[in-house]
Amino acid sequence: MRKRSAVIAGIALMFTAAALVFCVRSGRETPDFIFSEPSPVLISSSETVGSHETAYFEETAESEPSAAEEAKDALSVITSNNPENCSKITFEGFDIIIEGISKDRYVYSACLASDGLEEKAEYNGNNYGIILKNKHSENGYDTVYVFNSDNSITDYRVKVTSDGFEPIDTAETAENNLRLAENPIALPREGVLQYITSDGDFAKAREIMRQVEEISDKICEGKTGDYDKMFAIAQWVSDNIYYDFDARTESVTTETLSLSHILETHRTVCGGYSNLFSALCAVQGIRVCNIRGEALSGSLSYAETDEGEMHEWNYAVIDGRGVWVDTGWNSYNTYKNGKHKYGGTHIRYFDPTNTVLSYDHCVRTCEIRDYYAALD
């Protein structure tokens, strides 16, 4: 599933004049992989796969707060656990106060969908603040749009009452999501092998995992902590992989989701993003789950509807805390009519709080794939 909204696209036109423009790479040739930092010597083809023995550990998010504990102030929402890119949205009657920190990209302004009137951000170092004032929203729901310097738009759904704005109630979905994420099911060896290469060939699978090791080590060069490594891998996947609208329209097969296909063509759908991310993390000994469920397109929440579309993303436990990652929804890259088009990335869906993730993501199953065991 791919998140796209006509409303967001319309508001983006208002923001274009002030935004930085992405570079665009398009054409029928497969784009080269981009690495943010130069790599030293890669793994030799003569080395055996498994030099990175998977340091899987049975860890659960014991310190993960419940939905109620996550927002002690019932009229505030914390959008992310990422210490360098997060914000707090506070509701005071018909005023919405957005305070946050954005270290690697600039937040320009914000507005409500109901009036489209932008309020510019005021900065103090990396910290910013925006106040939205509105008395025109009808009872029901509205959307806050936050405009960023990289031309990305972050949207948050809010509830509207006669007394003012309130956070969306995601408690039921949030509790379901954590419960299922913390009880993963191990995918059988044969199933994991097909996620590496759909033809099930062991020799090919070993070669593919050798390539995955090279890429993962290159991405994580100089990174020490698991959280920093996972962030670097997530950004790399979102920046280098293209959502395959042609496959989605015609037919999504096991081949579409396999590592061999993704590394060769640099395109896939949500299940392939999830697969590549978890495999790259496995090289670093980071245990990442693959989540299957539903998600809502556009600016809707599960407080309003439960008619989501099939979707896949990831979940990990780092230092006793659950971390959600959706590399597909963090990517604006597309593949349509046989052409790659680069669109860049954003970071909303790296480590959002469980409350915010549960606005539009609903878990159905959680799966663990041991890529190295599949090669034995």
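## Exercises on cavities, Tyr156 and cysteines

By class, the lining of the second largest cavity comprises three nonpolar, two polar and five charged residues, where Ala, Val, Leu, Ile, Met, Phe, Trp, Tyr, Cys and Pro count as nonpolar, Asp, Glu, Lys and Arg as charged, and the others, Gly among them, as polar. This is a predicted model, in which local features need pLDDT of at least 70 and side-chain atom pairs count only at pLDDT 80 or more, while totals for chains, interfaces and linings use all residues. Residues are numbered from 1 along each chain as its sequence is written, and side-chain values use heavy atoms, with hydrogens and water left out.

**Exercise 1.** Describe the cavities of the structure and their linings.

*Solution.* Begin with the definition: on a 1 Å grid over the protein atoms alone, a cavity is a set of points where a 1.4 Å probe fits but cannot get out, and lining residues have an atom within 4 Å of a point. Grid points are joined across faces, edges and corners, and a volume is the space filled by probe spheres set on the points. The search of the whole structure then gives two cavities of 30 Å³ or more. The largest holds about 300 Å³ of space, and of its 22 lining residues Asn85, Thr154, Tyr156, Ile347 and Arg348 lie nearest its centre. The second largest holds about 50 Å³; its lining has ten residues, with Asp155, Arg157, Leu300, Arg348 and Asp360 nearest the centre. Finally, the lining of the largest cavity divides into ten nonpolar, ten polar and two charged residues.

**Exercise 2.** Place Tyr156 in its surroundings.

*Solution.* Tyr156 belongs to strand 10 (residues 153–161), strands being DSSP runs of E with at least two residues, numbered from the N terminus. Its relative accessibility is 8%, so Tyr156 counts as buried (buried means under 20% relative accessible area, exposed over 50%, partly exposed in between, with a 1.4 Å probe and protein chains only). Leaving aside neighbours within four places in sequence, the contacts of Tyr156 (heavy atoms within 4.5 Å) include Thr79, Asp142, Arg348 and Tyr359. The C-alpha atom of Tyr156 is also 7.5 Å from that of Ser299, 143 residues away along the chain.

**Exercise 3.** Explain why Cys220 forms no disulfide.

*Solution.* A disulfide is a covalent bond between the sulfur atoms of two cysteines, and the rule applied here asks for a pair of cysteine sulfur atoms within 2.5 Å. The closest cysteine sulfur to that of Cys220 is in Cys281, 7.4 Å away, which is too far for a bond. By this rule the count comes to zero disulfides. As for exposure, Cys220 is buried at 5% relative accessibility, whereas Cys86 is partly exposed at 22%.

Notes. Helix = DSSP H or I, 4+ residues; strand = E, 2+ residues; numbered from the N terminus. 1 Å grid on protein atoms, 1.4 Å probe; cavity = no way out; pocket = protein on both sides within 12 Å on 5 of 7 lines; lining within 4 Å.
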